[in-house]
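User: Hey, can you walk me through this one? I'd like to start with how the helices and strands sit together.
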Amino acid sequence: MSDKVVRPQPRLPKGMRDIDAAEMRDMTAMLGVIRRVYELYGFEPLDTPAFEFSDALGKFLPDADRPNEGVFSFHDEDEEWVSLRYDLTAPLARYVAANFDSLPKPFRRYQAGPVWRNEKPGPGRFRQFMQFDADTVGAAGPAADAEMCMLAADALEALGVPRGGYAVRVNNRKVLDGLMESAGIEPGEAGAGKRLGVLRAIDKLDRVGPAGVEQLLGKGRKDESGDFTKGAELKKKQIERIMAFLAAGLGDVGGLTALASHLSDSPRGLEGVQELAQIETVLRAGGFDADRVKMDATVVRGLEYYTGPVFEAELTFIAQGEDGAPIRFGSVGGGGRYDGLVERFKGVRIPATGFSIGVSRLYAALKALGKLGEDERRGPVIVMVLDRARIEAYQAIVQSLRRAGLRAEMYLGDAGLKAQMKYADKRQAPCVVIQGEDERQRGEAQIKDLIEGRRLSEQIADNVKWREERPAQFSVPMPELVDAVRRVVLRHEA
């Protein structure tokens with residue numbers, strides 16, 4: 001019989017990742033900026049559970065490679081199906097329905113938190129990721145939709161994305177419905193497959209261009225890798241109608257007028273154009289011109305619960321990847337109006353609109369833009385332990401630093417001085433405190449400024465002289481230790 005011990009492998013499930021301290025701090029700073037903008041607009045925080053009863057999430061699952069497995073679900077102790085939330089909007093609808101009578105109307109909330117999607121992972125695409133949402137429930141007018149676009153633009157600029165480096169694009173699902181009607185695509189279940197194919201084709205316009213969209217509206221398209229995507233199989237005249245619609249000039253009143261001319265036989269489509277015109281009027285009155293928020297008939301959005309205006313926040317700047325290749329980040333957030341979501345619980349139509357930031361993608365974009373991690377956070381001051389019989393004395397030193405508001409830790413390992421110095425370097429400590437027996441008897445401690453020491457070491461010409469002079473290392477009387485450490489730390493924070 002084998003005595004071999006079977007040990008678990010230190011591995012992650014597909015589509016999951018660990019987040020280290022540097023990214024966590026950058027992320028916290030980024031979320032703080034977004035939170036301040038959301039608060040500025042009058043939104044209040046809310047937190048909902050990580051999982052809900054599956055029927056509360058409803059049928060509105062995200063578009064996925066495996067649509068029947070879009071969420072992670074399991075049975076609870078009562079044999080009821082519960083699912084990890086796939087967005088923050090469906091839980092909001094459940095919360096509003098449960099607390100409807102006591103909530104102010106409109107109800108305005110923001111929420112940041114992880115969501116989970118049981119989709120095929122890929123480069124930059126994870127099964128767990130963070131969203132940061134703002135929603136207004138109970139407001140039907142275009143001002144609420146316009147405000148979401150303003151909120152998105154202000155948040156991006158507050159994070160350091162320059163004007164011209166982003167665009168918030170606005171469309172209306174009624175416009176897209178009108179396009180289907182004008183193109184003669186059957187309503188209801190009969191034309192559901194073709195409508196979905198058309199929406200997916202339009203959504204890929206920025207990636208495959210007009211010629212690629214035209215192929216996807218027809219028989220299909222083969223990409224550079226040889227993979228074939230089946231098309232919507234529309235007739236030639238239907239394709240021509242849709243391509244003419246996409247070519248209509250948008251972005252100002254003239255653009256909306258041109259758009260309306262392609263939907264003249266669709267009352268629903270014209271209603272959508274009118275709503276876009278109203279949103280545009282509110283935006284311009286608020287000082288948000290087309291260089292920040294613009295109308296764009298190619299915006300689709302994937303979730304089926306949108307009932308009116310839809311928004312997409314897109315980064316337009318080109319960054320350079322580690323391999324030198326250009327990177328375009330594209331969409332970092334989106335949202336829209338979903339007047340039917342709360343109705344599932346209440347039985348009456350409750351208007352709602354919201355915007356969601358994809359935190360992970362935006363974080364990557366801000367890193368590429370150099371807006372995060374510019375001031376690398378220093379680690380704690382390290383109090384070295386040279387005599388383990390005097391551990392209480394070293395603990396007293398580190399506590400005196402903490403009481404003064406200085407981030408500090410006592411070395412808790414069992415290594416010698418050289419290894420402790422390596423540890424302090426890895427922790428990015430600004431300085432270390434050293435007190436051996438000689439220093440203790442003199443009532444002193446040594447402070448070694450690690451940052452200054454690294455700078456001076458680059459200028460060293462004589463190793464012997466370096467060791468004799470010990471630059472960036474000095475002694476202080478114990479009563480002056482805290483103030484001396486503070487001066488070193490503040491010097492490197494300036």
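User: Which strands does helix α18 lie across?
Analyst: This is a predicted model. In it, helix α18, residues 481-493, lies across β14, β16, β17 and β18. Its direction is at about 5 degrees to β17, which covers 444-449.
User: And helix α13, what does that lie across?
Analyst: Helix α13 (residues 391-403) lies across β14, β15 and β16, the last being 431-434. Relative to β15, helix α13 runs at about 175 degrees.
User: OK, what's the strand order in that sheet?
Analyst: The order is β15-β14-β16-β17-β18, an open sheet of 5 strands with mixed pairing.
User: Which strands stand at the edges, then?
Analyst: β15 (408-410) and β18 (473-477). Each has a single partner strand, so one side of each has no neighbour in the sheet.
User: How many degrees are neighbouring strands turned against each other?
Analyst: On average 25 degrees, direction ignored.
User: Back to β15. How many bridges join β14 to it, parallel or antiparallel?
Analyst: There are 3 bridges between β14 (residues 381-383) and β15, and the two run parallel. One residue pair to look at is Val 383, whose bridge partner in β15 is Met 410.
User: Switching topic: where does Ser 83 lie?
Analyst: Ser 83 is in strand β4, residues 81-84.
User: Buried or exposed?
Analyst: Buried: the relative accessible area of Ser 83 is 1%, and the cut-off for buried is under 20%.
User: What is Ser 83 in contact with, leaving aside neighbours within four places in sequence?
Analyst: Ala 50, Phe 51, Glu 52, Ser 54, Leu 57, Val 71, Phe 72 and Ser 73.

How values were computed:
Residues numbered from 1 in each chain as written. Predicted model: local features only at pLDDT ≥ 70, side-chain atom pairs only at ≥ 80, totals over all residues. Heavy atoms only, no water. Pairing = 2+ DSSP bridges. Helix = DSSP H or I, 4+ residues; strand = E, 2+ residues; numbered from the N terminus. Axes fitted to C-alpha atoms, helices over the stretch in contact; angles between N-to-C directions. Contact = heavy atoms within 4.5 Å. Buried < 20%, exposed > 50% of the residue type's maximum accessible area, 1.4 Å probe, protein only.
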